[in-house]
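User: Got a structure here and I'd like to go through the labels people put on it. Can you walk me through the reasoning behind each one?

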Amino acid sequence: MRGSRLALIAAAAALAVLPQAAQAQRAAGLRPDSTSLEGGIWGSADKAEAAARTKADVNHDPALNAYVRGVTCKVAADHCPDLRVYVLDRPAFNALVAPNGYVEVWSGLMLRSTDEAEFAYVLGHEFSHFAQNHTLVAYNAAKSRANVALAAKVAIAVVGVAAASGATTASEAQSIMDATGNLIDVVYLAEIAAFFRFSREQEAEADLLGQKRAAIAGYDARSAAQSWRSVMAETQASDFKRVRESRSRTSVFESHPLEAERIAALDKQAPSLPASSDRGRERYRAAIRPHLSAWLRDDLRRRDFGQTLHLIDRLAAGGEDLGVLNYYRGEAYRLRRGDGDLGRARDAYLAAAAQPDTPLAAWRELGDIRKRDGDAAGARAAYETYLAKAPQAEDAWLVQDSLTSLDKGS
Amino acid sequence: MRNALRAVLPALAVLSLAACATITPAPAGPLKVGSGANVTLGRQWSDISLVMPGRHKKVRVLSIDGPLLNRLYLTDGLAPGDYLIKPLAKERPTPLVRADMSATERMEFVTDSISAMDYQRVTLAKPRPAKLGEASGVRFDVSAQTAEGLEIKGVAAVAETGGKIYVILYLAPAEHYFAATLPEAEAVMASARVG
């Protein structure tokens, strides 16, 4: 058994010293030979990209796509022609890059970035995965680890069988074989844990490189950590305990570092980067403003209303778009229907109604809530305002029906 | 070991029952949906309820050419707390029926449930008065896309009576299938008796 312990220690040590995440940056405009390993990986990514072009949630707004490409090119610099960016209307905070330069930016990320500097940091992070060949490096590292793990498993099995054959009783032999099996399982788990540790190292590297690229492009480096602080705060605002507790402790099987670790690393690096106070808040908001309403509607469909309300509070902090934001705040409360939520929804619709940019549906919803409250006069006023402002609305007859039922006292 | 077997046996029994889940014919003629709804089918459909993921026990799903090509959702009375689509996890809830839903919210319940079926860009159009039997309700058109981008069209009717809501929803690809089965789906809607 001493031999199998030694084999395990050797395997763990070998798994630990295999290639690290750090890698030299790829040259701009480089397309690998299609017969190479990297060329094969690119070929698979090309197919995924071709399939993605026809997906239902691709956002085709030329202005938004031009804006996103512009920010991407600022952080990618010479590599700009290597990247193809697609905006997808998906409500989660996410972006990703494929090894062939295909980039997905999800609307949930754009909705949650406070300004262009935060957005540029995330794009810089994704671009760094591409520039550092992270997929290829991870593939090679996993292959090396698999070879080492296989050798360790064989060594453990050989030592275990030899030890079992020397046992004096059947039960002793069985115990040795059980222990051998357990050790092989440990090597297997160590292999998986090493895969995830490597992934975390790549993510941490992409964080720091992304922050650096955004700073070199002229953005405030402090904004990178701010984006993770916002993610942490929104997680804590979730309606669900499991979500609130999801990122409070680390695990060897996590693919990404904890947000708290990312913030600490980014805060530490920020003072060493070029100083700038440019966050591009106004131009960023102008770019996403036409999509605020649709993206908030998508976010409501996740039905984690605590998170959506937290997000709306952040978006409203600057005092912009208050008609749209208060309307969707009302929608979140109306859909959640917790204690007191309908009253909060009514107040939010009222706040929306005082703004020039409120969706007309705010008056219809206000009418419905007042009708439920028994406020017939208030309901009537809201319904009549809706019909006056939207006489051609497809649901005008429904609102007229509601008015009629008020007249009948039902 | 015996205790472990005792704990596992019910799960195995459920699994073996699930393995028997199958598609059954729904012949032309009257079809009962639970205890509170009836429709008349003009032709034979297939009852695919048991193979549809996330189906509530009060919901029956019929198809002619398969679930990707046409679906007809028929519900018994959905009471407060019921859903059209069962959530996959507590943290991923699906729309619930509420006790005090407005007509607009009843339509929203249907469209948000369609979104929960993983359809994208679900929109409703042309809401108009409709009846399911004696119950007054709303009928409206639906458009959506599959995740891969296939255009989907639909028509839905939703009505409330006795504190429960009843839904009939027909969905099919816009290309060929929607129009091909629409007359039959409309006839089923017209035949509905609820409450």
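User: What makes a residue count as part of the contact of chain A and chain B, and how many residues does each chain give?
Analyst: Two residues are in contact if their C-beta atoms, placed from the backbone, lie within 7 Å. On that basis the contact takes 16 residues from chain A and 20 residues from chain B. By class, the chain A side has 4 nonpolar, 1 polar and 11 charged residues, where Asp, Glu, Lys and Arg count as charged, Ala, Val, Leu, Ile, Met, Phe, Trp, Tyr, Cys and Pro as nonpolar, and the others, Gly among them, as polar. Keep in mind that this is a predicted model: local features need pLDDT of at least 70, side-chain atom pairs count only at pLDDT 80 or more, and totals for chains, interfaces and linings use all residues. Residues are numbered from 1 along each chain as its sequence is written, with chains lettered from A and ligands numbered from 1 in the order in which they are written.

User: Why is α3(A) called oblique to α5(A)?
Analyst: The axes of α3 (residues 62-76) and α5 (residues 116-131) of chain A come within 9 Å and cross at roughly 60°. Angles under 35 degrees are roughly parallel, over 145 roughly antiparallel, 65 to 115 roughly perpendicular and the rest oblique, so α3(A) is oblique to α5(A).

User: What makes A:Arg262, A:Ile263 and A:Leu266 in α10(A) one face of the helix?
Analyst: These three are buried (20 or more other C-beta atoms within 10 Å of their own). Down the axis of α10(A), the buried residues fall within an arc of 100°, so they line one face.

Conventions: Axes fitted to C-alpha atoms, helices over the stretch in contact; angles between N-to-C directions. Helix = DSSP H or I, 4+ residues; strand = E, 2+ residues; numbered from the N terminus. Buried ≥ 20, exposed ≤ 12 C-beta atoms within 10 Å, placed from the backbone. Arc of directions from axis to C-beta.
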